[in-house]
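Hi,

Here is the structure I promised to pass along. Have a look at it first, and then read on for what turned up when I went through it.

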Amino acid sequence: MPLFQNPFSLQIPVKVGYLDALFFINENLCVVGDECVSTLHNHHDYEIRYVARGKCRQIIANEIFTADAGEIMLVRPQEYHFQKPCEGGEENLQYNVRFSVRADDRNPQTDRAYKALLSFLDSSRRFHDESGTLRTLFELLTDEISKKSVGYMDNICSLCSMLLTRLIRFSEDDMKKLYPADELKYHGYERSRIDAFLFNRYQGDIKIGDLAAELNISERQVNNVMHKMFGMSFTEKVNELRLQKAAIQLTHTNDPISKISTDCGYKSQNYFLLRFKEKYGKTPTRYRAEKRPKDALSTSCPVFW
C-alpha cells in the first residue's frame, strides 16, 4: 500500500548560497516494492532517486545502472529514464524528489555560482551515502509531510535546503563559488576583535579610521559591519560603551562626576551630561542616588570589567 494514498504536489523554494532553488515533491517521495517500478518518462528538472533498501535497476539516457542501498542516482533534465527492482533480495524502498535551480545573469556572482553548480550536476551521476545523512533527511522529510505538525512547511524548506547542500558536498571540486565569501569566515572572531579594540581604546580619542586600519577595511565598510553586528554606527557604539562604563562607575564608586566623564573618554563634561540623560532619562547625580547599593563604599574603589 502506498505511504501517501492521496495525490499531492508541493513546490518548495529554498536558498542555497547565492542560488535560489525550487523543489518539487509529490506522493512518489517514498515508494515501496512494486511502487518503485516506472515507465519511460522525463522531466524538466533534476531528480534525486535514493535507494534506501534493496536494489534497483535504473535505465537513464540509454545507460543501465544497478543501484544498491545507500546509493543516489541523479537524473538530469530531459533525460528519459525508467526503473524496476532487481529480482530476488529484500523489498525495495526508495525516496524521490525533483529540483531546479534558477539562473540570474544580471548578477555576476549568482551567474558564476549557477554555472559552477550545473557543471557539477551535469558531470555526476551516482553517489554513495556512506554517512547515512541523506537517508535521515529523507526520513525526516517524509515524516513531516505525513504528520503535518505545526510549522511543518518551515521544516520541509529547511530539509530541502539541507538535501541540496549535502548533494553539493559530494563534489570533489571547489564549490565555494556557490556561497558568499563572508559565509566562509568565522564571524565570532571578527566581533571579538571589535569588542577588544573598543574596550582598549574607548577612553581615548578613538576614531573610525583607527578601527578601519585594525580590520584592514574602509571606513564605510566599518559602519556596514557595525550595523550588521550591533545594529548601530561606530560612533553610536563607542558612545554606548562609554555611557555603560559611566553608569557602572556611578553605581560602584564615589568618584566625582567630572572624573567619571574624563575616565570614560569625554572631553566635555556638559556633553557627557547631555548624552547620559538622553540614554538613561536622568542626570548622573540622580542615577547614582537611585542605583547605588545601600552598602556602597564611602571611598572610591577600582572598577573591574
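Is E63 buried, partly exposed or exposed? Its relative accessibility is 43%, so E63 counts as partly exposed, since buried would need a value under 20% and exposed one over 50%. Please keep in mind throughout that this is a predicted model.

While we are at E63, here is the rest of what I have on that residue. E63 sits in strand β6, which covers residues 63-67. Setting aside neighbours up to four places away in sequence, E63 is in contact with Q58 and R125. If you want a distance across the model, take E63 and R166: they are 103 residues apart in sequence, and their C-alpha atoms are 25 Å apart.

Now for the overall picture. The protein has 10 helices and 10 strands. Its radius of gyration is 30 Å, well over the 19 Å that the globule rule gives for 305 residues, so the protein is more spread out than a compact globule. The C-alpha trace spans about 90 × 40 × 30 Å along its principal axes. Of the 305 residues, 43% are buried. Among contacts with a separation of 6 or more, 69% are between residues 24 or more positions apart.

On the surface, the protein exposes about 17400 Å², and carbon and sulfur atoms supply 49% of that area. The charged side chains number 42 positive and 41 negative, and the centres of these two sets lie 10 Å apart.

Next, the interior. The largest nonpolar core has 44 residues, and those with the most contacts inside it are I25, F99, L117, F138 and L141. Several elements give two or more residues to this core, including strands β1 (9-16), β2 (19-26) and β9 (93-102) and helices α1 (108-121), α2 (133-147) and α3 (152-168). The most comes from α3, which gives 7 residues.

L117 is a good place to start if you want to look around in there. Not counting residues up to four places away in sequence, L117 touches L19, V101, I168, M175 and L178. There is also a second, separate core of 17 residues, and A212, M226, M229 and F230 are among them.

Which residues does L29 touch, leaving out those up to four places away in sequence? The list is F4, Q94, Y95, N96, V97, F138, L141, T142 and I145. F138 and L141 will be familiar from the largest core, where both are named among the residues with the most contacts. L29 itself is found in the loop between β2 and β3 (30-32). With a relative accessible area of 0%, L29 is buried. Its C-alpha lies 9.7 Å from that of I145, although L29 and I145 are 116 residues apart in sequence.

Two loop residues are worth a look for their backbone angles. K148 has a phi near 50°, a positive value in a residue other than glycine. You will find K148 in the loop between α2 and α3, and at 51% relative accessibility it counts as exposed. N216 is not a glycine either, and its phi is positive as well, at about 60°. N216 lies in the loop between α5 (208-215) and α6 (219-230), and with a relative accessible area of 71% N216 is exposed.

Last on my list is R275. It lies in helix α9, residues 269-280. At 24% relative accessibility, R275 counts as partly exposed. Apart from its neighbours within four places in sequence, R275 is in contact with N239 and L243. R275 and L243 are 32 residues apart along the chain, and their C-alpha atoms are separated by 8.0 Å.

That is everything I wanted to hand over. Happy viewing, and do write back if you would like to go through any of it together.

Best wishes

Methods
Residues numbered from 1 in each chain as written. Predicted model: local features only at pLDDT ≥ 70, side-chain atom pairs only at ≥ 80, totals over all residues. Heavy atoms only, no water. Core = buried A, V, L, I, M, F, W, Y, C linked by side-chain atoms within 4.5 Å. Buried < 20%, exposed > 50% of the residue type's maximum accessible area, 1.4 Å probe, protein only. Helix = DSSP H or I, 4+ residues; strand = E, 2+ residues; numbered from the N terminus. Contact = heavy atoms within 4.5 Å. Rg over C-alpha atoms; globule rule 2.2 N^0.38 Å. Areas by Shrake-Rupley, 256 points an atom, 1.4 Å probe, with all protein chains shown as cover. Lys, Arg positive; Asp, Glu negative; His and termini not counted. Charge placed at Lys NZ, Arg CZ, Asp CG, Glu CD.
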